[in-house]
Amino acid sequence: MPALKEAGIKVIHKCTSVRHSLKAQSIGCDAVSVDGFECGGHPGEDDIPNFILLPRAADELEIPFVASGGMADARSLVAAMALGAEGINMGTRFIATQDAPVHQNVKDAIVNASELDTRLIMRSLTNTERVLNNHAVERLMEKEKALGDKLRFEDIVDEVAGVYPKIMHEGTMEVGAWSCGMVAGLVSDIPTVKDLIDSIMTEADSIINQRLSNF
Ligand SMILES: Cc1cc2nc3c(=O)[nH]c(=O)nc-3n(C[C@H](O)[C@H](O)[C@H](O)COP(=O)(O)O)c2cc1C
């Protein structure tokens, strides 16, 4: 941390719990990205969704935080700010954009997925990951079911190790497990990043100044 500070670098740490956020604050992080249970990738092991996690973070933290996990549009942004965040971080949503340097099959898979299509894997290894369901994930979950607490990383190495280049660059979608958030259910188009951000800001303005203005 001192080396980063001396170089003038702002540090935003990713946390999936209030206690980890407080730790990040205590060691000098400038901000945190607070990831709820909905998030794509590794949500931690506490399983607290953002409607609880974000106001809890707001109550405890002194440093600013952005809300992460399940964020897709202007509604997400306004809601996250109402819950105490300074902004939002989007993972899955940004992958389904024209600018994202991933194979078209990945973008199409996100657009075609619903909020019911993610699975949590590797829980018994205390390395829980939210991924999009596919044949490899189903195979992996069968092994998890069969082996229970005896599961070792070596048992599932074919489904999780080294699969990202094949999926992200070659578009071989069934080769393994890849991170994806429940928010895929809210993603139905593949805009440019500019159009996505512009529409979020315009619609957020309309939610705040029209829909919510009479409250
Ligand atoms: C394909 C993919 C890969 C990711 N890889 C990482 C990673 O390497 N390290 C990390 O901290 N988070 C990773 N994440 C999680 C994101 O940084 C972010 O916390 C998460 O996507 C937010 O949830 P959302 O997908 O609902 O927007 C990944 C997410 C996705 C979808």
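Which residues touch the most other members of the largest nonpolar core? The legends below start there, and keep in mind that this is a predicted model.

**View 1. The largest nonpolar core, with its best-connected members.**
Here's the answer to the opening question: Val 34, Ala 67, Ile 88, Ile 110, Ala 177 and Ala 184 touch the most other members. The core has 43 residues in total. It draws at least three residues from domain 1 (2–90), and at least three from domain 2 (104–186) as well. As background, nonpolar side chains in soluble globular proteins tend to be buried together.

**View 2. Val 34 and the residues it touches.**
Let's zoom in on one of those core members. Leaving out residues up to four places away in sequence, Val 34 touches Cys 15, Ser 21, Leu 53, Leu 54, Ala 57, Phe 65, Ala 67 and Ser 68. You've already met Ala 67, which is on the list of core residues touching the most other members.

**View 3. The shell around the ligand.**
Now look at the ligand, which has 20 residues around it. Cys 39, Gly 40, Gly 41, Gly 91 and Gly 181 come nearest. Sorted by class, the shell holds 9 polar, 7 nonpolar and 4 charged residues. Helix α5 (residues 92–95) supplies the largest share, with 3 residues. Both domains take part too: domain 1 (2–90) and domain 2 (104–186) each give at least three residues to this shell.

**View 4. Met 122 and Thr 126 in the loop between β5 and β6.**
Two residues to find here are Met 122, in the loop between β5 (118–121) and β6 (129–132), and Thr 126, in the loop between β5 and β6. Check the backbone angles: phi of Met 122 is near 65°, a positive value in a residue other than glycine. Thr 126 isn't a glycine either, and its phi is positive at about 55°. Are these residues buried or exposed? Met 122 is partly exposed, because it has 19 other C-beta atoms within 10 Å, and 20 or more would make a residue buried. Thr 126 is exposed, with 8 other C-beta atoms within 10 Å.

**View 5. Stepping back to the whole protein chain.**
To place the close-ups, count 10 helices and 6 strands in the protein chain. Its radius of gyration is 18 Å, close to the 17 Å that the globule rule gives for 215 residues, so the chain is as compact as a globular protein of that length. The C-alpha atoms fill a box of roughly 55 × 40 × 35 Å along the principal axes. Buried residues make up 32% of the 215 residues.

Conventions
Residues are numbered from 1 along each chain as its sequence is written. This is a predicted model: local features need pLDDT of at least 70, side-chain atom pairs count only at pLDDT 80 or more; totals for chains, interfaces and linings use all residues. A residue is near a molecule or strand if its C-beta atom, placed from the backbone, lies within 6 Å of it. Helices (H or I, at least four residues) and strands (E, at least two) are DSSP runs, numbered from the N terminus. Ala, Val, Leu, Ile, Met, Phe, Trp, Tyr, Cys and Pro count as nonpolar, Asp, Glu, Lys and Arg as charged, and the others, Gly among them, as polar. Domain bounds come from an automatic or database domain assignment. The radius of gyration is taken over C-alpha atoms; the globule rule is 2.2 Å times the number of residues to the power 0.38. A residue is buried if 20 or more other C-beta atoms lie within 10 Å of its own, exposed if 12 or fewer, and partly exposed in between; C-beta atoms are placed from the backbone. A nonpolar core is a set of buried Ala, Val, Leu, Ile, Met, Phe, Trp, Tyr and Cys residues joined through C-beta atoms within 7 Å. Two residues are in contact if their C-beta atoms, placed from the backbone, lie within 7 Å.
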